[in-house]
Amino acid sequence: MRILIANDDGIDAPGIALLRRAAARLTSDIWVVAPERKWTAASHHLSFDRDLTLTRRAEQVYALDGTPADCVVAAMTVLFRDGGRPDLVLSGVNDGRNAAEDAAYSGTLSIAREASFWNIPAIGFSRSKGGSAEEQDVTALAALIDALWQRGAAWQREGSFLSVNLPKELPAEIGLASIGRDKIAGAADIGADDGGRIVWRIRRGRPHTSRPGDENSFIDAGRIAIVRHCWSDGAPLDGGLAAELNAALAPGG
């Protein structure tokens, strides 16, 4: 079993070290491609029109001077260009939860999404701040990855990937969560405003909005929250809309 690991907190982040230790319980064939630095809210940014550099840190471990999503592209188009693609892509463990609208902003989840574009099973892991990396955490995370892998038929489908939010304390009970609403970047701090030039900064933090059954409710209760995302399903429109639009736009409509 070949596993590719990436993250958005940087190759030296504690979360990726935890994930590597857990993955090593499942296989010895682990590849790591991670950004040289931390990216926050990088989303699915790809670095077109500039050279990128992969720097070998150790056997099968590379740092990339690009974005989190670039890491998967680098692996697939450079490192595995002659074959040997991974069986599973793991992303994280992100320093902080990824809930609700974070699915669009998160670099952690962009890695899993990019992997799904290549039809590779992928799981993005995030964790509430304050979690440890003790032996019990490694054991619990390894068991969770193995259990999800062994039950891949229940969640793997075209265009899909998993977002797994871990609580601070592991092991923990698992819950299948719904996607809630908890908008980050909902406020600004004004530094200066002279009428013609405004200096401002996006305020960090989230409102911690929660409703029963969503990711936040599970995380706050000390449970593992699992959500399946699928970009290929779309949101089908009512079949009659096209006819109504064509009629409205027809001459004399």
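**Note on the helix contacts, sheet and hairpin**

1. Helix H1 meets helix H5 through Leu 18, Leu 19, Arg 21 and Ala 22 on the H1 side, and Glu 135, Asp 137, Val 138, Leu 141, Ala 142 and Ile 145 on the H5 side. Sorted by class, this contact holds seven nonpolar residues, three charged and no polar ones. The model is predicted, so side-chain atom pairs count only at pLDDT 80 or more.

2. Now the geometry of that pair. H1 covers residues 14-23 and H5 covers residues 135-150; their axes come within 8 Å and cross at roughly 60 degrees. The crossing is right-handed.

3. The sheet comes next. It is open, has nine strands and shows mixed pairing. The strand order is E3-E4-E2-E1-E5-E6-E7-E11-E8. E3 and E8 (174-176) are the edge strands; each has a single partner strand, so one side of each lacks a neighbour in the sheet. From one strand to the next, the twist averages 25 degrees.

4. At the E3 edge, E3 and E4 run antiparallel and are joined by four bridges. Arg 56 has Tyr 62 in E4 as its bridge partner.

5. Helix H4 packs on the sheet. The strands touched by H4 are E1, E5 (88-95), E6 (122-127) and E7 (160-166). The direction of H4 makes about 175 degrees with that of E6.

6. Helix H2 spans residues 68-79, which is 12 residues. From first C-alpha to last, H2 reaches 16 Å, close to the 16 Å expected at 1.5 Å a residue. Its buried residues are Pro 68, Ala 69, Asp 70, Cys 71, Val 72, Ala 74, Ala 75 and Met 76. Note that Asp 70 is on that list.

7. What do the buried residues of H2 pack against? Their partners are strands E1 (2-6), E2 (29-35), E3 (54-58) and E4 (61-64), plus helix H4 (107-117). H4 in turn touches E1, so H2 and H4 both have contacts with that strand.

8. Strand E9 (residues 188-193) is hardly covered. Of its six residues, the count of buried ones is zero. E9 runs antiparallel to strand E10 (residues 198-202), with five bridges joining the two. One bridge pairs Asp 193 with Ile 198 in E10.

9. E9 and E10 form a hairpin, with four residues between them. In the turn, Gly 195 has a positive phi of about 95 degrees.

Technical notes. Residues numbered from 1 in each chain as written. Predicted model: local features only at pLDDT ≥ 70, side-chain atom pairs only at ≥ 80, totals over all residues. Heavy atoms only, no water. Buried < 20%, exposed > 50% of the residue type's maximum accessible area, 1.4 Å probe, protein only. Pairing = 2+ DSSP bridges. Expected span 1.5 Å × (residues − 1). Contact = heavy atoms within 4.5 Å. Axes fitted to C-alpha atoms, helices over the stretch in contact; angles between N-to-C directions. Left-handed = near helix turned anticlockwise from the far one by under 90°. Nonpolar A, V, L, I, M, F, W, Y, C, P; charged D, E, K, R; others polar.
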